[in-house]
Amino acid sequence: MKRTFLLLTLLTCIKLSAQQGVPKLTGKIEISIEQGTLKGDLTLSDFPHINDYYIRINSGLNILHIKALEPEEFLIQYSRALNDTTSTGESNAYYFKDGNGKGKFLPKSIQFKYVGKFPVVKDTIENYSRKDWKGNIAFNHNSVRADGFQSAWYPVLYDITNDKTYEHLTYDIEIICNDCSTLYANGNKPVKAQKQNFKSELPQELTLFCGNYDFAELDNTYFLNSGMGEKEIETFGKLINDYKAFYVKKLNRPFDQPVSFIQTTPTSKKDGWMFVSYPTIFSIGWNNGLKNIVDPKYQKFWRPYIAHELGHYYFGTVKVFNSELGDMMSEGFAELLSLQLTKDIMGEELYKQKIDEKIEHLKKISPKPFGKVKSETEYENRQLYVYDYAPLIFTAIKKEIGEEKMWEWLITILETETTFTNYDFLISTLQTTLNDKKLMELIEKQYLTNDNSLKNAIDKITME
């Protein structure tokens, strides 16, 4: 009886461990930056058992087959979902019907074979696209850039019930690019090669940057295609180390991997932006990009920008957000970190300038308070909502509770386990931090549920 109980307990533990597992990606991809092609033979395994799911694959990748490898090997008849409302539009959502056609089944190990051909942008006079964006599989004149989550160049499993995306995975893949000189996969060092096996036992969003470019290394930080000289890299590296040290001191959590910075051009004529796929930070644009961070003429704009992207290690990587307020929290808290760093390191004058710019941006809109948002579509203007409105609300709350309590709240958010990062999560972490019912009621009434929350926040921030 005792042995039976121990066996059942062991089996239960194994089952729970499997349910909490991180997917693993193995196989190879072949790339041509001259032809704009990407050919994949990849196997996804070690993922948790999920009853209701999608598997997202970029819509530009044509599937040869999807094959179950475990528990038995066979070609799968796959179906496409047309109601994947949480996707950003770049991918198709696939699933496998069960035997009676009413539910879904998910094999333990799945092979995906596909190939895609994408436009190659070699100039910006006649041969360019209207827009470029994060989720684009972008072939420009000398490289290919692809993030993991949004572009879904590899199969990305999505748990519908728990609103959880498994874009972070361990991997063991071979990358072949015969017209490249340098290969890079997120979580690895760049290498001068046309063929390389990349591995990671630490879960990563598998972002790629392969092409014909050079790279440099300083204090275990990598600079890919940066266009910077040795002195500029030294200045840049010291700056980044100072910013990381500031965040580590305030949030009590070190960066767990070397950070890589990538500079590249867009496939469009005018677009420019930055994004993070930790531990990689991309700068995409035509005007010097990363070099602007060490240029006195432009650093007041670019340094808070890079501080925001570094902040996404904490809000977006350590704590992954979902639900209707997930995007707001990811961007809003990263921007709040940038504002705090700007104030403490770059000075009060620049901090005030950034606050005034946000107030000016929001002059003609009346954002819906967090407590009344039921869908991301209710942000109305996503750019203004997550980058301007949210950090102003958080700044007003900081003035109500003090900087010390604000940092405590941020740490509580990072450390609190939850399935959904919704409004209940937001206020429960604040309640835990404050342990002050009266103050909590004031904050919720003034800033979190009030239709005049923006005005209330501005009044509080600008109060002498």
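Which residue follows α4, and what is its phi? It's G347, and the phi is positive, near 115°. Okay, hi everyone. Before I go on, please keep in mind that what's on the screen is a predicted model.

Let's stay with α4 for a moment. This helix has 21 residues, and at 1.5 Å a residue they should span 30 Å. The end C-alpha atoms of α4 are 29 Å apart, so the span agrees with what we'd expect. α4 is also mostly covered, with 17 of its 21 residues buried.

Now over to α2, where we can run the same kind of check. α2 has 22 residues, which should span 32 Å at 1.5 Å a residue, and its end C-alpha atoms are 31 Å apart, so that agrees too. Right after α2 comes N252, and its phi is positive as well, near 55°.

Who is buried in α2? The list is I233, F236, G237, L239, I240, Y243, K244, F246, Y247 and L251. And what covers them? The cover includes the strands β18, β19 and β20, plus the helices α3, α4 and α7. So you'll notice that α4, the helix I opened with, is part of the cover over α2.

K244 is worth a click if you're following along. It's among the buried residues of α2, and it lies over the face of F255, at 5.3 Å from the ring centre. There's another lysine doing this elsewhere: K104 lies over the face of Y95, at 4.9 Å from the ring centre.

Okay, rings. The model has 33 aromatic pairs. Take Y53 and F96: that pair is tilted, with 6.3 Å centre to centre and 55° between the planes. Y53 sits in strand β3 and F96 in the loop between β7 and β8, so this pair links distant parts of the chain, 43 residues apart. Are these two buried or exposed? Y53 has 0% relative accessibility, so it counts as buried. F96 is buried too, with a relative accessible area of 0%.

Here's another pair, and it takes us back to α2: F246 and W407. That one is edge-to-face, 6.1 Å centre to centre with 75° between the planes. F246 belongs to α2 and W407 to α7, and they're 161 residues apart, another link between distant parts of the chain. Both F246 and W407 are buried.

Some rings come as a group. F315, F321, F333, F370, Y379, Y385, Y389, F394 and W409 form one aromatic cluster.

Last topic, empty space. The second largest pocket holds about 370 Å³. It has 15 lining residues, and the ones nearest its centre are Y351, K352, K399, I461 and T462. Which helix gives the most to that lining? That would be α5, with 5 residues. α6 and α10 join in as well, since α5, α6 and α10 each supply at least two residues.

What about closed space? There's 1 cavity of 30 Å³ or more. The largest cavity has about 40 Å³ of space, and the residues lining it are R56, T86, S87, T88, E90, S91, F149 and Q150.

That's my tour, thanks for listening.

How values were computed:
Residues numbered from 1 in each chain as written. Predicted model: local features only at pLDDT ≥ 70, side-chain atom pairs only at ≥ 80, totals over all residues. Heavy atoms only, no water. Phe/Tyr/Trp six-rings, centres within 6.5 Å; stacked < 30°, edge-to-face > 60°. Helix = DSSP H or I, 4+ residues; strand = E, 2+ residues; numbered from the N terminus. Buried < 20%, exposed > 50% of the residue type's maximum accessible area, 1.4 Å probe, protein only. Lys NZ or Arg CZ within 6 Å of the ring centre and 35° of its normal. Expected span 1.5 Å × (residues − 1). Contact = heavy atoms within 4.5 Å. 1 Å grid on protein atoms, 1.4 Å probe; cavity = no way out; pocket = protein on both sides within 12 Å on 5 of 7 lines; lining within 4 Å. Points joined across faces, edges and corners; volume = space filled by probe spheres on them.
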